[in-house]
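User: I would like a close look at one part of this structure, namely its helices and how they pack. Please write for a first-year student.

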Amino acid sequence: MTWRERFPVLREHAYLNAGTFGPLSRATLDAMAALREWEGEHGRAGGTYFEEMLARRERVRELVAAQIAAPAANVALTASTTQGVQVVVAGLELGAGDEVVSTDAEHFGLTGPLVAAGVDLRVAAVKGKPAADLFDLVRAQVTPKTRLIALSAVSWIDGAVFPWRELRDATGVPVLVDGAQAAGAIDVDATGADFFTVSAQKWLCGPDSTGALYVREVDALPPRLVGYPAAESYDIAEGTWVPKAGAMRFEPGFTPATALAGLEAALTDLPDGRHARARELTERCRELLIDAGVDVATEPGQATLVSFRVAGDTTDTVRRLYDRGVLLRELPGTGLLRASVGWWNDESDLERLVEGLRRR
Ligand SMILES: Cc1ncc(COP(=O)(O)O)c(C=O)c1O
């Protein structure tokens, strides 16, 4: 089976939308359907059912951890990047008077929980700036009062790679890295970060509402946004609880059993060389668009998103492309369209994109 044949959606579509949701593989679909059927026939009950779910949870933790080169003991399973950010914001008890440095190119999933907590946000204006300037622009916002630097590993707007590791090294300030557009797309080593979030529904091709949070120093972050999986034990009468060892203590809830089964399938048997292949195709996508006269906003040598401007209404363009089987998204308020290029794509998808733009 070719890499492409794993994903039914690619039979008919030029699927370029993993920055929102990755394609679901046949293996993922089958694993979810099989467990759902079992649940329907036998009930979501019984010691074996629950034990198997817990065992799968630990296998998935290992698999996700491997994707970001982190120890599994430091990885909590979450529902999303946003939820990982909420865990960190709650744990650090960030609020009014706490200075946090971020950028104007962040997703609300990162800045939303910070702003809602009332932190003093210092925002580096990086949008549209060359990737080579990002370090200086963010560094300039850091003061002796800064408690946290919160920024993406890869910009969701144009795919620029952000220098979070260099900022951590240069300032000594803890970094909360939004890994939504990085994990599963490019090689990631999260261990240089203090906190690193994963959205598994995107480039890891997991089911909806799956994700993870890496925490480097587990004992230094109080578990505040917790749910049942976080507790080793508790005493309601005494009003006490004992957190689990490791990053499990940060877990806000259980991933649905079927989603967990789908995620396990998605993270099993991944082909070697996939990130290099995705990078190669991304550069090819840029070239093809530029050759076709398209105004490409993404610089070369970044991650796996390619953003570009075309004349006319972007919503209408996305709709017309959709009708031709080319699936991508617009970025509201920016005039940009965004193609997500994954290891499952091939040149035919890129050609269909260019052709679709030409004939629109
Ligand atoms: C950079 C970035 N951060 C956060 C998010 C939100 O992700 P999630 O739905 O996993 O919270 C997205 C989703 O598009 C994103 O692109």
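Analyst: The account below begins with one helix and then turns to other helix pairs, the ligand and some loop residues.

The model is a predicted one. The starting point is helix H7, which spans residues 257-266. Is H7 mostly covered or mostly open? H7 is mostly covered, since nine of its ten residues are buried. The buried residues are Ala257, Thr258, Ala259, Leu260, Ala261, Gly262, Leu263, Ala265 and Ala266. What covers these buried residues includes H1 and helix H2, the latter running over 47-67.

The packing of H7 against helix H1 (residues 26-42) can be described by distance and angle. The axes of H1 and H7 come within 8 Å and cross at roughly 150 degrees. H1 is therefore roughly antiparallel to H7, because angles over 145 degrees count as roughly antiparallel. The crossing in which H1 passes H7 is right-handed. On the side of H1, the residues that meet H7 are Ala27, Thr28, Ala31, Met32, Leu35 and Arg36. On the side of H7, their partners are Ala257, Thr258, Ala261, Gly262, Glu264, Ala265 and Ala266. By character, the residues of this contact between H1 and H7 divide into eight nonpolar, three polar and two charged.

One residue of H7 may serve as an example. Thr258 lies in helix H7. Why does Thr258 count as buried? Thr258 has 20 C-beta neighbours inside 10 Å, and a residue is buried if 20 or more other C-beta atoms lie within 10 Å of its own. Apart from its neighbours within four places in sequence, Thr258 is in contact with Met32, Leu35 and Arg36. Those three residues are also among the residues of H1 that meet H7. Thr258 also illustrates how the fold brings together distant parts of the chain: Thr258 and Ala34 are 224 residues apart in sequence, yet their C-alpha atoms are 8.7 Å apart in space.

A second pair of helices is H3 (81-91) and H4 (108-116). H3 and H4 pack with their axes 8 Å apart, at an angle of about 30 degrees. The two helices are therefore roughly parallel to each other, because angles under 35 degrees count as roughly parallel. Their crossing is right-handed. In this contact, Thr81, Thr82, Val85, Gln86 and Val89 of H3 meet Gly109, Leu110, Pro113 and Leu114 of H4. The residues of the contact comprise five nonpolar, four polar and no charged.

The ligand brings H3 and H4 into view again. Of the 14 residues around the ligand, the ones that come nearest are Ser80, Thr82, Gly109, Trp156 and Ser199. The elements that give two or more residues to this shell are H3 and H4. The shell as a whole divides into three nonpolar, ten polar and one charged. Thr82 and Gly109, named here beside the ligand, also take part in the contact of H3 with H4.

A third pair is formed by helix H8 (residues 274-291) and helix H10 (residues 347-358), which pack at an angle of about 25 degrees with their axes 10 Å apart. That angle makes H8 roughly parallel to H10. H8 passes H10 in a right-handed crossing. Here Leu281, Arg284, Cys285, Leu288 and Leu289 in H8 meet Glu347, Leu350 and Val354 in H10. The residues of this contact divide into six nonpolar, no polar and two charged.

Three loop residues complete the account. Most residues other than glycine have a negative phi. Glu93, although it is not a glycine, has a positive phi of about 55 degrees. Glu93 lies in the loop between helix H3 and strand E3 (99-103), and Glu93 is exposed, with 10 other C-beta atoms within 10 Å. Cys205 is not a glycine either, and has a positive phi of about 60 degrees. Cys205 is placed in the loop between strand E7 (195-199) and strand E8 (211-215), but counts as buried, with 27 C-beta neighbours inside 10 Å.

The last of the three is Ala140, in the loop between helix H5 (134-139) and strand E5 (146-152). Ala140 counts as exposed, with 12 C-beta neighbours inside 10 Å. Ala140 and Ala55 are 85 residues apart along the chain, and their C-alpha atoms are separated by 46 Å.

Definitions and conventions: Residues are numbered from 1 along each chain as its sequence is written. This is a predicted model: local features need pLDDT of at least 70, side-chain atom pairs count only at pLDDT 80 or more; totals for chains, interfaces and linings use all residues. Helices (H or I, at least four residues) and strands (E, at least two) are DSSP runs, numbered from the N terminus. A residue is near a molecule or strand if its C-beta atom, placed from the backbone, lies within 6 Å of it. Ala, Val, Leu, Ile, Met, Phe, Trp, Tyr, Cys and Pro count as nonpolar, Asp, Glu, Lys and Arg as charged, and the others, Gly among them, as polar. Axes are lines fitted to C-alpha atoms, for helices over the stretch in contact, and angles run from 0 to 180 degrees between N-to-C directions. Angles under 35 degrees count as roughly parallel, over 145 as roughly antiparallel, 65 to 115 as roughly perpendicular and the rest as oblique. A crossing is left-handed if the near helix is turned anticlockwise from the far one by less than a right angle, and right-handed if clockwise. Two residues are in contact if their C-beta atoms, placed from the backbone, lie within 7 Å.
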